[in-house]
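Visitor: Before we start, please show me what we are going to talk about. I will then ask why things are called what they are called.

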Amino acid sequence: MNMNVLHAKENTQDAIAATLKSKDVIVMNRDTKEILFAKNIKKRIYPASMTKIMTAIVVIENTKHFDKIVEAVPSDTKVIRDEASIAGLLIGERMRIQDALSCMMLASGSDAAEMLARYTTGNTKDFVDLMNNKAKELHLQDTHFTNVYGKYDKQHYTTVKDMALLMDYAMENPIFQKIVASDQVKIKTNAFEERIAENFVYATFDKAKLDHSYITGAKSGSMDETGLNLASTAEKDGRRVVIVSAEAPIDEKHTNHVVDAAHLYQWYFTNYQKKIIYKKGDTVAIKGNILTPSFHVALPSDIYIEAPQGVFNAYEKTFVSTNQKMIVKPNDVVGILTIKTKNTTTTYEIISDGWHIAISVYVIATLLIILILWLIMKKRRQSKPPILITKSKQKPMKKKP
């Protein structure tokens with residue numbers, strides 16, 4: 001899906017922008033990938049502990065059994081020298097991978113991040129390579145990692161735009177989503193009968209006396225070089241959105257980033273409306289041309305547009321077939337749907353819902369030509385008289401004396 005900037009009413013954007021303490025902000029619709037609010041979205045930032053979003057998804061995608069036990073070793077606990085946030089793991093403490101992920105994402109444990117990375121690839125260097133490979137796979141064009149927990153390094157950087165794409169991707173993973181949505185997790189280890197990993201972000205919202213019931217996942221990060229950062233997602237009335245902010249000044253209560261997020265969510269849910277163009281299961285026809293097959297496909301989800309209140313005076317939609325195959329497999333991209341309003345352009349890729357035979361005018365014409373040629377050849381064969389083959393008697397050869 002293309003990423004386009006939606007322009008809200010200027011006075012509304014100016015009003016919300018005036019309330020923000022964060023220097024870099026993005027608000028992106030998770031379904032349409034439309035950017036609803038943008039402020040320095042391509043400026044390089046230091047992600048701090050937001051790095052652990054990538055660490056978590058790489059661990060999850062390279063793990064088959066989450067009940068396997070991991071054990072903390074001395075090198076995992078050395079992160080305390082960097083004044084990094086820790087879960088407080090003890091050397092020799094053992095826990096499930098699932099619980100170690102909670103220690104990393106909820107309690108922002110850099111020691112848990114080191115432990116998980118080392119377990120996954122044997123050493124953190126190889127794990128960082130996996131992180132950077134994943135960044136390339138996700139087309140995070142201005143992101144590079146040098147460590148697994150967010151230690152300051154000039155070569156360890158991202159942008160709020162890249163971080164929004166990463167958070168959106170990670171939240172599609174049910175294991176990741178379940179972890180970051182939890183208020184707290186009770187963990188049993190060989191060192192503790194009950195270790196509690198509390199959601200640090202939710203606790204910060206509570207400290208600021210802000211509602212976070214609509215938030216579906218979050219990860220914060222902070223350090224002197226970058227201030228307060230926050231990546232979070234929310235859902236309300238079927239609308240899904242991701243917000244990433246960075247470089248909010250570090251205040252006495254460390255709440256500037258969550259206050260900004262609360263203002264942005266309120267602005268989004270109040271000022272934007274959703275219009276469903278097609279419902280999940282609707283069948284749409286993509287009309288082709290002489291070279292491009294026409295195609296019918298059932299939509300796997302609702303298709304909608306979203307814009308500020310009052311701009312839906314009219315819209316136009318265009319289907320363009322991109323399929324050139326006669327046989328279409330499930331999940332093949334078969335067309336592009338573009339929906340335009342006065343202020344917005346939203347583009348959807350239409351995905352095949354199963355196996356289909358797509359036949360174009362070109363294919364039909366080719367088959368007809370082949371059939372006609374075959375009939376002509378058949379008629380010619382039938383019109384020719386049969387050739388009779390008779391046996392002739394041969395005289396026996398005389399033997400030489």
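Guide: Start with Lys188 and Glu193, both of which are exposed. This is a predicted model, in which local features need pLDDT of at least 70 and side-chain atom pairs count only at pLDDT 80 or more, while totals for chains, interfaces and linings use all residues. Residues are numbered from 1 along each chain as its sequence is written, and side-chain values use heavy atoms, with hydrogens and water left out.

Visitor: What makes Lys188 and Glu193 count as exposed or buried?

Guide: Exposed means over 50% relative accessible area, buried means under 20%, and partly exposed lies in between (1.4 Å probe, protein chains only). Lys188 and Glu193 both fall in the exposed class.

Visitor: Why is the contact between Lys188 and Glu193 called a salt bridge?

Guide: The term asks for a side-chain nitrogen of Lys or Arg within 4 Å of a carboxyl oxygen of Asp or Glu. For Lys188 and Glu193 the N to O distance is 3.7 Å, so the pair qualifies.

Visitor: How many salt bridges does the structure hold?

Guide: The structure holds 17. One of them joins Glu172 to Arg30, where the closest N and O atoms are 2.7 Å apart. Glu172 sits in the loop between helix 7 (160–170) and helix 8 (174–181), and Arg30 in the loop between strand 1 and strand 2, so the pair links distant parts of the chain, 142 residues apart. Helices and strands here are DSSP runs (H or I, at least four residues, for helices; E, at least two, for strands), numbered from the N terminus.

Visitor: Which of the two, Glu172 or Arg30, is buried, and how do you know?

Guide: Arg30 is, because its relative accessible area is 4%. Glu172 has 47% relative accessibility and therefore counts as partly exposed. Both residues belong to one network of salt bridges with shared partners, together with Asp31, Lys33, Asp168 and Arg240.

Visitor: What does the salt bridge between Arg118 and Asp76 tie together?

Guide: Arg118 lies in helix 5 (residues 110–121) and Asp76 in helix 3 (residues 74–77), so parts that are 42 residues apart in sequence are tied together. The closest N and O atoms of Arg118 and Asp76 are 2.7 Å apart. Arg118, at 23% relative accessibility, is partly exposed, whereas Asp76, at 1%, is buried.

Visitor: Why is helix 4 described as mostly covered?

Guide: Nine of the nine residues of helix 4 (residues 97–105) are buried. Among them are Ile97, Asp99, Leu101 and Met105. In the whole protein chain, 48% of the 401 residues count as buried.

Visitor: What makes strand 7 and strand 8 a pair?

Guide: Two strands pair if DSSP finds at least two bridges between them. Strand 7 (residues 215–223) and strand 8 (residues 227–236) have eight bridges, in the antiparallel sense, so they pass. A hairpin of three residues joins strand 7 to strand 8, and Ser220 stands opposite Leu230 in strand 8. Eight of the nine residues of strand 7 are buried.

Visitor: Why are some strands of that sheet called edge strands?

Guide: The sheet is open and has five strands in the order 2-1-9-8-7, paired antiparallel. Strand 2 (35–39) and strand 7 each pair on one side only. Strand 1 (residues 24–29) is joined to strand 2 by four bridges.

Visitor: Which strands stand at the edges of the sheet 14-16-17?

Guide: This open sheet of three strands is antiparallel as well. Strand 14 (316–321) and strand 17 (345–351) have a single partner strand each, so one side of each is left without a neighbour in the sheet. Strand 14 meets strand 16 (residues 333–340) over six bridges.

Visitor: What makes a group of residues a nonpolar patch?

Guide: Patch residues have over 30% relative accessible area and no salt bridge; like charges are joined within 9 Å, and nonpolar side chains (Val, Leu, Ile, Met, Phe, Trp, Tyr) within 5 Å. One nonpolar surface patch includes Ile364, Trp374 and Leu375, and its residues together have about 860 Å² of accessible area. Leu375, in helix 11 (residues 361–383), has a relative accessible area of 44% and is therefore partly exposed. That value is over 30%, so Leu375 meets the area cut-off for a patch.

Key:
Accessible areas come from the Shrake-Rupley method with a 1.4 Å probe; for residues, only the protein chains shown count as cover.
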